[in-house]
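Hi everyone, thanks for coming. Please bring up the sequence and the model on your screens, and we'll go through them together.

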Amino acid sequence: MTTEENRALIIGGGIGGLSTALALQRAGIQVAVFERTPELREVGAGLAVWANAIKALRQLGVADQLVAAGTPMHDYQFRSWQGETLIQVSVDDLTRRVGAPSVVMRRADVQRTLYEALDEGVMHLGANCVGFDADDNGVTARFEDGREERGTLLIGADGIKSVTRSAQFGESKLRYSGYKCWRSITPFQHPSFPPGSWWLYWGRGARFGLSYVGGGSVYWYAMVNAPEGAPDEEVGRKRRVLEGFRGWGEPIEALIEATDESTIIRNDLHDMVPIERWGEGPVTLLGDAAHPTTPNMGQGACQAIEDAVILAKDLALTKGLRDRAAMVNALRSYEERRRDRAARVTNLSWRIGAVGQWENPIACAIRDRVLKILPNSLMRKSLESNLAYDA
């Protein structure tokens with residue numbers, strides 16, 4: 001067993017885990033991250049890093065690098081499946097109001113930037129955590145290969161199927177959204193689609209979104225109603241998406257045609273009804289382990305980054321984790337501060353997805369009409385509220 005005093009163990013080396021490690025490192029707290037995969041790989045394609053997350057990343061010292069690596073959003077639109085603009089919001093105006101830009105970029109660039117900012121030796125790859133034991137003096141994490149690691153506290157940042165959450169509270173029931181998602185990044189430019197735009201097309205039982213991510217490439221995603229666990233179609237992912245979005249507004253067909261099929265990822269989309277407890281004693285949860293959400297607001301990773309900064313601020317008051325009582329209180333304080341906001345995002349994202357995936361033609365026509373007559377100021381205020389961040 002590796003035994004180290006006053007050390008935070010983080011299970012999961014995704015964006016939430018890496019953000020937490022960097023935040024704790026900057027607070028002078030020793031940290032170790034344990035990631036089950038043998039190498040950091042590009043997964044998840046693209047990512048919206050909204051202004052609230054950029055503000056948090058500024059406190060970690062990496063915001064400028066990330067903004068430079070992605071494409072700042074200038075224009076955010078909801079469109080009908082035929083391409084008619086239903087509602088349009090100036091993200092530049094939001095940037096001025098909230099004091100930070102919103103950027104779309106490759107998820108791998110975010111992960112790599114956070115990783116490279118960590119001290120050498122913090123990340124441990126190929127470490128598949130299978131459980132932990134907590135006692136009066138700390139936590140022992142157990143791994144599949146028989147290894148054990150000792151720390152003062154443990155932070156579960158191990159995703160929607162969190163081992164850390166299950167070890168504390170038993171298996172959680174995930175909530176299937178009713179739709180699946182294909183997504184990819186491909187080199188692409190089109191005269192009808194200017195850089196800095198994020199467009200989301202709404203149809204009947206289907207939606208399609210696209211945005212530039214930097215380097216002359218576009219991130220796209222397609223969501224279609226389907227039974228949970230439905231297998232990939234025999235025709236292949238690319239043809240399935242093409243068939244589902246044939247005749248939709250420009251430049252959707254051209255974008256799909258330009259995509260290498262091997263780069264297309266497909267997932268069923270789940271979240272979880274918000275839970276009241278994230279941790280006990282010297283253990284807590286963070287990001288998707290605590291509050292998995294559907295991607296309809298683009299806030300999943302952003303909320304994990306907010307979690308990381310606020311958790312580190314609370315733990316910074318514990319004398320380098322030497323005051324156990326203060327450390328446990330800090331974990332509960334973090335959970336209390338974050339629970340309501342994370343639950344609001346989860347629930348609102350679920351409702352947006354449900355409306356976006358309506359199939360009834362009359363309901364969809366009414367939905368699109370309401371969006372078209374909705375004042376832009378209301379949409380802007382809603383987005384501005386979602387981007388509020390104060391650590």
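I'll talk about two sheets, one buried loop residue, and then the empty spaces. One thing to keep in mind throughout is that this is a predicted model.

Let's begin with the parallel sheet. Five strands make it up, and the order across is β9-β3-β2-β13-β19. The sheet is open, and its pairing is parallel. At the edges you'll find β9, residues 123-125, and β19, residues 283-285, each pairing on one side only. If you look at the twist, neighbouring strands here are turned by 20° against each other on average, ignoring direction.

Now please zoom in on β2, which covers residues 7-11. Its parallel pairing with β3, residues 30-35, runs over 5 bridges. Two places to click on: R7 stands opposite Q30 in β3, and A8 stands opposite V31 in that strand.

Here's one for the room: how many of the residues of β2 are buried? The count is 5 of 5, so to speak a full house. You can see this on both faces of the strand: R7, L9 and I11 are buried on one side, and A8 and I10 are buried on the other. While you have this region on screen, look for helix α1, residues 15-26. Helix α1 lies across β2, β3, β9 and β13, the last of these being residues 153-156, and it runs at about 165° to β2.

Next, the other sheet. This one has 3 strands in the order β4-β8-β5, and it is open with antiparallel pairing. Residues 46-49 form β4 and residues 71-72 form β5; both are edge strands with a single partner, so each has one side without a neighbour in the sheet. Between β5 and β8, residues 103-106, the antiparallel pairing has 2 bridges. If you'd like a residue pair to look at, P72 has V103 in β8 as its bridge partner.

Let me move on to a residue in a loop. Q299 is found between β19 and α9, where α9 covers residues 300-315. Is Q299 buried or exposed? With a relative accessible area of 3%, Q299 counts as buried, because the cut-off for that is under 20%. And what does Q299 touch, leaving aside residues up to four places away in sequence? The contacts are W50, N52, V345, N386 and L387.

That brings us to the empty spaces. Searching the whole structure for cavities of 30 Å³ or more turns up 1. The largest cavity has a volume of about 30 Å³. Around it you'll find P274, I275, W278, A290, H291, R339, A342 and A343. Sorted by class, that lining has 6 nonpolar, 1 polar and 1 charged residues.

Finally, I'd like to show you the second largest pocket, with a volume of about 490 Å³. Its lining has 19 residues, and those nearest the centre are F78, L348, I352, M379 and S382. Which elements supply at least two residues each to this lining? They are β6 (75-80), α10 (324-356), α11 (361-373) and α12 (376-386). By class, the lining of this pocket has 13 nonpolar, 4 polar and 2 charged residues.

That's my tour. Thanks for listening, and I'm happy to go back to any of these views.

Definitions and conventions:
Residues numbered from 1 in each chain as written. Predicted model: local features only at pLDDT ≥ 70, side-chain atom pairs only at ≥ 80, totals over all residues. Heavy atoms only, no water. 1 Å grid on protein atoms, 1.4 Å probe; cavity = no way out; pocket = protein on both sides within 12 Å on 5 of 7 lines; lining within 4 Å. Points joined across faces, edges and corners; volume = space filled by probe spheres on them. Helix = DSSP H or I, 4+ residues; strand = E, 2+ residues; numbered from the N terminus. Nonpolar A, V, L, I, M, F, W, Y, C, P; charged D, E, K, R; others polar. Pairing = 2+ DSSP bridges. Axes fitted to C-alpha atoms, helices over the stretch in contact; angles between N-to-C directions. Contact = heavy atoms within 4.5 Å. Buried < 20%, exposed > 50% of the residue type's maximum accessible area, 1.4 Å probe, protein only.
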